[in-house]
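Here is a guided set of questions and answers for someone meeting this structure for the first time. Please keep the sequence and the 3D view open while reading.

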Amino acid sequence: MSRLIVVSNRVPDIAKGPPAGGLAVALKAALDKHGGVWMGWSGKSSGAKEPGPLHFHEQGPITFALSDLSRRDLSEYYAGFANSVLWPLCHYRLDLTDYARKDMAGYFRVNRFFAERLRPLIQPDDLIWIHDYHLIPIASELRRLGIGNRIGFFMHIPWPPPDVFLTLPVHEAIIGGLTAYDVVGFQTAHDAENFASCLQREGIGGDAGDGWLEAYGRRFRAGAFPIGIATREFAGLARQAVRTAPVKRFADSLEGRDLIIGVDRLDYSKGLTHRIDAYERFLTANPAWHGRTTMLQVTPKSRSDVPGYAAMQRQVAEHAGRVNGALGRLDWVPIRYVNRAIGQNVLAGLYRLARVGLVTPLRDGMNLVAKEFVAAQDPEDPGVLVLSRFAGAARELDGAILVNPYDIEAVGNAIAQALSMPVEARRDRLAPMMKRLEEHDISRWCADFLDVLRG
């Protein structure tokens with residue numbers, strides 16, 4: 001059986017315990033099964049020095065190969081091109097892209113560095129699986145170094161249409177990087193179609209039929225592999241979590257009010273101010289619900305080194321404060337805003353308590369919070385998911401109330417519909433979504449991709 005080599009921007013620190021989150025758990029399970037290497041950034045900076053040799057440590061059949069990155073690398077590769085150009089571009093936010101040639105050069109330099117450090121670790125039959133927008137050029141760099149192994153890539157974030165993506169000054173180099181893979185996976189069929197359209201628009205290549213694309217004289221597969229969660233495990237965690245002391249204390253503090261929950265990393269793609277405005281619109285239009293519901297918005301800080309995120313944090317907090325100031329009472333605060341991370345075991349219990357899950361990003365590759373909310377529900381008395389139609393999860397979770405997050409009034413009406421929905425209707429919506437999540441969980445996603453990559 002072939003070994004597996006995984007390359008991701010960040011690698012979980014296994015020394016601190018089992019990885020948290022479905023993706024890390026699934027990748028570690030695949031590596032435990034096949035044996036192999038997990039390579040990536042250590043999360044540490046080497047300061048002004050250039051990145052040094054890889055640091056190795058073994059755990060069972062897995063070799064972890066980690067590298068520090070210099071301050072220059074982190075500025076240009078990570079904060080610069082990856083998160084100030086590719087991230088906003090792929091989320092359709094041309095207005096927020098901040099392209100600089102030095103950042104672009106840093107992005108390709110770090111990818112070349114990773115490829116050169118990876119090359120000596122590769123055995124002839126290894127399968128290589130590269131993850132996400134930080135590392136698109138690695139396959140082309142490995143091909144340049146003479147590596148002929150099967151190499152796959154998975155894009156965790158959206159892929160935009162040609163009129164958006166082709167505004168990138170180095171778009172041909174990025175697209176060309178993806179054509180060096182044997183399999184390119186996207187979250188949705190829509191993303192895969194957008195990528196194929198970029199190839200066709202530029203005259204680089206096109207559809208070769210039956211899931212194959214052709215470009216630069218190479219044939220490769222491209223398609224949708226929607227990522228899942230550890231559904232049964234998360235459902236079990238939620239059942240246990242509601243009995244824990246932190247969740248019980250929170251439930252007591254609600255004093256019988258219905259809970260509406262939103263959980264998002266701080267990012268402009270999540271539509272946080274739109275969501276708060278929609279909740280305000282709901283309360284304004286439905287005064288009978290004043291004092292009967294509480295919205296909890298959990299928003300951990302994110303990418304503080306990227307310009308604009310600190311201002312965004314202030315803006316979201318100000319929105320929440322304005323609503324509380326205008327509509328709150330001495331005995332009721334409409335919005336509880338938490339600006340730090342909460343452990344997954346507590347979150348699972350909060351999801352199960354909630355009558356409404358409010359997942360309304362302006363654009364999202366998948367959005368696993370939507371899937372976790374569904375998995376956490378009590379099948380006898382479930383909550384209702386209000387979900388943006390611009391999240392990849394909307395293509396699978398057809399029991400959600402789908403909304404346009406830009407339509408503040410419609411989202412407010414969806415909140416009212418969800419809170420008023422009878423239990424029979426809530427059960428009918430939950431059942432098919434749970435069936436889908438159980439059948440297409442994170443392990444199935446991992447196995448499906450690797451099956452195609454093996455060829």
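Q: Is Cys198 buried or exposed in this predicted model?
A: A residue counts as buried when its relative accessible area is under 20%. For Cys198 the computed relative accessible area is 0%, and the other cysteine to look at here, Cys446, has 6% and is buried as well. By that cut-off, Cys198 is buried.

Q: How many disulfides does the structure hold?
A: A disulfide is a covalent bond between the sulfur atoms of two cysteines. The cut-off for such a pair of sulfur atoms is within 2.5 Å, whereas the sulfur of Cys198 has its closest cysteine sulfur in Cys90, 9.4 Å away, which is too far for a bond. The number of disulfides in the structure is zero.

Q: In which order do the ten strands of the open sheet follow one another?
A: The pairing in this sheet is mixed, and the twist from one strand to the next averages 25 degrees. Strand S3 (55-59) and S8 each pair on one side only, so they are the edge strands. Read across the open sheet, the order is S3-S4-S2-S1-S5-S6-S7-S10-S9-S8.

Q: Which residue in S4 is the bridge partner of Gly40?
A: Strand S2 (residues 36-45) and strand S4 (residues 62-69) run parallel and are joined by seven bridges. Helix H2 lies across strand S1 (4-10), S2 and S4, and runs at about 95 degrees to S4. Within S4, the bridge partner of Gly40 is Leu66.

Q: Which helix gives the most to the largest nonpolar core?
A: The largest nonpolar core has 98 residues, and those with the most contacts inside it are Phe114 and Trp159. Beyond its neighbours within four places in sequence, Phe114 is in contact with several residues, among them Met39, Trp41, Leu69, Tyr77 and Ile138. With ten residues, the helix that gives the most to the largest core is H2 (residues 71-90).

Q: How many residues are in the second, separate core?
A: Apart from the largest nonpolar core, with its 98 residues, there is a second core that is separate. Val247, Phe250, Val359 and Ile442 are included in this second core. Its number of residues is 60.

Q: Along strand S9, which side chains point to one face and are buried?
A: In a regular strand the side chains alternate between the two faces of the sheet. Strand S9 (residues 212-215) shows such an alternation, with Trp212 and Glu214 pointing to a face where they are not buried. The side chains that point to the other face and are buried are those of Leu213 and Ala215.

Q: Which residue in the turn between S8 and S9 has a positive phi?
A: Strand S8 (residues 205-209) and S9 run antiparallel, joined by four bridges, and Asp207 stands opposite Leu213 in S9. The two strands form a hairpin with two residues between them. The turn residue with a positive phi, of about 60 degrees, is Asp210.

Q: Which residue takes a positive phi in the hairpin of S9 and S10?
A: S9 pairs with strand S10 (residues 218-224) in the antiparallel sense over four bridges, with Trp212 opposite Arg221 in S10. Two residues lie between the strands of this hairpin. The residue that takes a positive phi, near 50 degrees, is Tyr216.

Technical notes. Residues numbered from 1 in each chain as written. Predicted model: local features only at pLDDT ≥ 70, side-chain atom pairs only at ≥ 80, totals over all residues. Heavy atoms only, no water. Buried < 20%, exposed > 50% of the residue type's maximum accessible area, 1.4 Å probe, protein only. Core = buried A, V, L, I, M, F, W, Y, C linked by side-chain atoms within 4.5 Å. Contact = heavy atoms within 4.5 Å. Axes fitted to C-alpha atoms, helices over the stretch in contact; angles between N-to-C directions.
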